[in-house]
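Please open the structure in your viewer and keep the selection tool at hand. The tour proceeds by selection, with a short description at each stop.

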Amino acid sequence: MAPHRRSRPPSPMGIRTPAIATAALTSVALLSQTANASPSEEPRPSLEEVEKKVGDLYRQAETASEKYNAAKEKTTKQKKRVDTLLDDVARRTEKLNDAREELGTFAAAQYRTGAAAPDTASLLLADNPQDYFDQTHLMDRLTSRQKQSVDDYVTQQTATTEKRQEASESLETLTRTQSSLKTSKADVQRKLATARDLLSKLTTEEKARLAAIERQKQEEAQRKADELARQQAADAERRRQEAAQGTGTSTGSGSASGTSGSAASTAKADKALAFARAQVGKPYVWGASGPGSYDCSGLTQAAWKAAGVTLPRTTWDQVKAGTTVSVNSAQPGDLVFFYDDISHVGIYIGDGMMIHAPKPGAYVREESIYYMPIHSVVRPA
């Protein structure tokens with residue numbers, strides 16, 4: 001090396017070329033930005049996805065509501081049964097105590113005379129008096145009255161034990177049903193909360209678009225209802241003409257005006273419809289059966305109760321409580337069930353329309369039966 005040239009001292013940070021230094025600074029900046037940035041959010045669902053998800057959640061909530069209704073009805077019946085059994089056990093225990101007291105009197109008398117006191121005392125203390133009785137000859141040493149007392153005691157002891165066991169089993173069943181009731185209630189609340197959360201995140205524009213989608217569904221459902229009304233009216237006119245000509249072939253399948261069927265059935269249907277119309281405008285509340293609010297099956301049950309017809313509480317039981325008819329043959333008062341899982345029901349009013357309690361946040365209203373996929377139509381009376 002020439003003596004006039006000196007080597008450059010190394011950088012305190014080490015030897016770096018300008019390009020490497022620039023890249024390092026860029027990496028540091030990017031890492032700093034990444035560290036300070038908030039975690040990436042999940043992609044925002046489309047409006048169509050939200051609409052479908054909310055609809056599914058409402059349906060699932062309604063199914064859970066019907067499970068709640070079933071568990072609630074079962075709980076009520078089981079509680080009555082448990083109360084009746086416990087009252088019965090209390091009465092039988094009292095009779096058992098009376099029988100034991102009478103035997104105790106005999107035991108005391110026998111003890112004083114030294115006759116068979118140990119046997120009678122053992123009978124009173126035995127876990128199973130009948131087994132003890134079968135293994136002894138106590139009856140040979142007792143009077144007729146004493147024998148009757150022993151018989152009464154054994155009978156009461158056996159019956160009381162059986163009733164206590166029955167009451168215990170009923171209490172266990174009641175506990176399980178109450179647990180199911182709580183589970184169904186929590187399930188409804190969870191699904192409704194999720195639906196509300198999804199809707200709350202929509203922008204004003206998205207809510208307007210969602211309302212437009214709803215209007216289109218309503219219009220399409222109404223178009224189908226009008227078509228059914230025209231078909232039912234044409235069928236009714238054809239039957240009238242056939243009857244006037246004496247060539248009637250009517251099978252009594254019904255019409256939109258409900259002219260066929262017995263007068264008694266028509267009168268009951270009219271009462272059910274009058275009641276249902278009076279509830280229009282009242283809020284949907286899951287698990288409610290009136291008078292201030294209703295869920296779908298609570299409304300139909302209350303309406304037909306006003307007509308003197310007792311329906312079960314849930315859609316799954318109501319669908320079995322009558323005669324199934326075709327949609328074209330539906331008459332006012334018939335029950336229209338929806339979805340494959342039969343989770344919704346409305347009461348038919350004619351012209352393809354029904355009165356029903358739709359869903360949370362809505363009110364009892366008239367609507368086309370084609371707003372939802374129809375499962376079946378049932379005539380309660």
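Which strands does helix α7 lie across, and at about what angle does the helix run to β3? Before answering, please note that the model is predicted. Select residues 263–278 to display helix α7. This helix lies across β3, β4 and β5, and runs at about 110° to β3.

**The sheet**

Next, display the strands. Six of them form an open sheet in the order β1-β6-β2-β3-β4-β5, with antiparallel pairing. The edges are β1, at 323–325, and β5, at 365–368, each of which pairs on one side only. Direction ignored, neighbouring strands of this sheet are turned by 40° against each other on average.

Now add residues 204–245, which make up helix α6. Helix α6 packs on the sheet and touches β3, β4 (353–356) and β5. The direction of α6 makes about 75° with that of β5.

**Strand β2 and its partners**

Select residues 335–338, strand β2, and show the side chains. Which way do they point, and are they buried or exposed? L335 and F337 point one way, V336 and F338 point the other way, and all are buried. In a regular strand, side chains alternate between the two faces of the sheet.

Extend the selection to residues 344–350, strand β3. Strands β2 and β3 run antiparallel and are joined by 4 bridges. Along this pairing, L335 stands opposite I347, and F337 stands opposite V345. The two strands form a hairpin with 5 residues between them. In the turn, select Y339, which has a positive phi of about 70°.

Turn next to residues 374–379, strand β6. Here too 4 bridges are found, joining β2 to β6, and these strands run antiparallel. F337 stands opposite S376 in β6. Centring the view on F337 therefore brings V345 of β3 and S376 of β6 into the picture.**The loop before β1**

Finally, select G322, in the loop between α9 (315–318) and β1. How exposed is G322? G322 is partly exposed, with a relative accessible area of 36%. Show the surroundings of G322 as well: not counting residues up to four places away in sequence, G322 touches V378, R379 and P380. The C-alpha atoms of G322 and R379 are separated by 5.2 Å, although these residues are 57 residues apart along the chain.

Notes. Residues numbered from 1 in each chain as written. Predicted model: local features only at pLDDT ≥ 70, side-chain atom pairs only at ≥ 80, totals over all residues. Heavy atoms only, no water. Buried < 20%, exposed > 50% of the residue type's maximum accessible area, 1.4 Å probe, protein only. Pairing = 2+ DSSP bridges. Axes fitted to C-alpha atoms, helices over the stretch in contact; angles between N-to-C directions. Contact = heavy atoms within 4.5 Å.
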